[in-house]
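Work through the exercises below with the sequence and the structure open. Each task is followed by a solution in steps.

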Protein chains: 2
Amino acid sequence: MRCRHAGSISCVTPLYEQQDDFLAMAESLCRQRQQRFTELRRQVLSLICAAEQPLGAYALLDMLKAKGRSAAPPTVYRALDFLQQQGLVHRLASNNTYLACAHPQQPHEAVFLVCRQCGNTRELHTDGIYRALSRQARDAGFLAEHAAVEVSGLCTRCRDITTPEAAEK
Amino acid sequence: MRCRHAGSISCVTPLYEQQDDFLAMAESLCRQRQQRFTELRRQVLSLICAAEQPLGAYALLDMLKAKGRSAAPPTVYRALDFLQQQGLVHRLASNNTYLACAHPQQPHEAVFLVCRQCGNTRELHTDGIYRALSRQARDAGFLAEHAAVEVSGLCTRCRDITTPEAAEK
DNA sequence: CATGTTATGTTATAATATAACATTATCGAC
DNA sequence: GTCGATAATGTTATATTATAACATAACATG
């Protein structure tokens, strides 16, 4: 299913259902930018986009080790730094996890909906909120450069489980 | 200078210029809620609201020790947990720091403007953004409970220092 | 293929936060 | 007041997240 954004990746379909396309896109994007999409970086991105939930750095580390790769914390953090610079991965400050981003082509700003129950996280692309934020910041004399908007709550599924009656409506 | 919000504390004046009023307000608020505003909690809140910038937990720990108080990490974290529950203190996830909140009376949602240069942080109270966020979340089937909105950039002073020509406009 | 640059390996450690259990203080019932 | 329950703090240990520093390996390019 396509979304309203440019590019071959859809942000309305979970990335773990389009891993191959996503990795191919990442590779070509890095080539365009003359950046090296090394095996390590590919592996880390692959793990992140195969996961249903955002992953912590040490979870990634364990997975790399489980794959037989020699790895230490800097191994993971350096790969994550690179992927973040390329816009392929976002870091969630509210729970120290990392997730893949469907639309790294142009730097954008996103709103994250983080389910406190199951950890599933959706990325919304909502220009309006960022425009409003920038404007309010400017009115306060502040030059906004980046905004982290992380909403915690309950996703559809977990809300229905928690309050079953709500599901029947 | 008063602000548009209820209560005796103004959020347009730095809290370190109204420490006594702020601590008195905190004390009466806790009494109303039948919560204990102990000496430790008062000290931690006092340190936080005396600071110009948000403080890290270990900076607070060092300050407590410097005051001759026996303190270990849990000392600080427990006090911070309490103060957050009472709405007197917010935690900034983007840099792991804690700051005082001028309007703990009713749970509210805030936007933080964090200067990446000097660390100074302003809290904006902007209902509009939160309404928009909640609505967008709801449209995505998500029940929003809390939103952390942390904007990083440059405050007026640091922007002028960084790009002096801008100051002349 | 020599050389500078970028990426990775490796060890150690910093910074942030919590678990677990002992002790002390406070509140209410009596 | 004192007893018992609850809440708060003290204390030690450890978990979790992240970075510093330096060595080695891989790659790009003349």
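A residue is near a strand if one of its heavy atoms lies within 4 Å of that strand. The model used here is predicted.

**Exercise 1. Describe the protein surface near DNA strand C.**

Step 1. Apply the 4 Å cut-off. There are 19 residues around DNA strand C, and A:Thr38, A:Ser70, A:Arg78, B:Tyr58 and B:Arg91 come nearest. On the DNA side, sugar and phosphate make up 55% of the atoms of strand C that come within 4 Å of the protein.

Step 2. Sort the residues by class. The surface near DNA strand C has eight nonpolar, seven charged and four polar residues.

**Exercise 2. Find which parts of DNA strand C are reached by polar side-chain atoms of A:Thr38, A:Arg69 and B:Tyr58.**

Step 1. Look at the phosphates. An N or O atom in the side chain of A:Thr38 is 2.5 Å from a phosphate oxygen of DNA strand C. For A:Arg69, a polar side-chain atom lies 3.4 Å from a phosphate oxygen of this strand.

Step 2. Look at the bases. The side chain of B:Tyr58 has an N or O atom 2.4 Å from a base nitrogen of DNA strand C.

Step 3. Assign the surface to elements. Those giving two or more residues to the surface near DNA strand C are helix H2 (39-50) and helix H4 (73-85) of chain A, together with helix H4 (73-85) of chain B. The largest share, four residues, comes from H4(B).

**Exercise 3. Explain why A:Cys118 and B:Cys155 form no disulfide.**

Step 1. Search the whole structure. Over all chains, zero disulfides are found.

Step 2. Take A:Cys118. The closest cysteine sulfur is in A:Cys115, 3.7 Å away, so the pair is too far apart for a bond. The cut-off for a disulfide is 2.5 Å between the sulfur atoms. A:Cys118 is partly exposed, at 24% relative accessibility.

Step 3. Take B:Cys155. Its sulfur is 3.8 Å from the closest cysteine sulfur, in B:Cys115, and therefore too far for a bond. B:Cys155 is buried, with a relative accessible area of 13%.

**Exercise 4. Place A:Thr126 in chain A and decide whether this residue is buried or exposed.**

Step 1. Locate the residue. A:Thr126 lies in the loop between strand S4 (121-124) and helix H5 (127-139) of chain A.

Step 2. Check the accessibility. The relative accessible area of A:Thr126 is 5%. Buried means under 20%, so A:Thr126 is buried.

Step 3. List the contacts. Leaving aside residues up to four places away in sequence, A:Thr126 touches A:Val111 and B:Gln136.

Note on methods: Residues numbered from 1 in each chain as written. Chains lettered and ligands numbered in written order. Predicted model: local features only at pLDDT ≥ 70, side-chain atom pairs only at ≥ 80, totals over all residues. Heavy atoms only, no water. Polar contact = N/O pair within 3.5 Å; in protein donor to acceptor, adjacent residues only side chain to side chain. Nonpolar A, V, L, I, M, F, W, Y, C, P; charged D, E, K, R; others polar. Buried < 20%, exposed > 50% of the residue type's maximum accessible area, 1.4 Å probe, protein only. Contact = heavy atoms within 4.5 Å.
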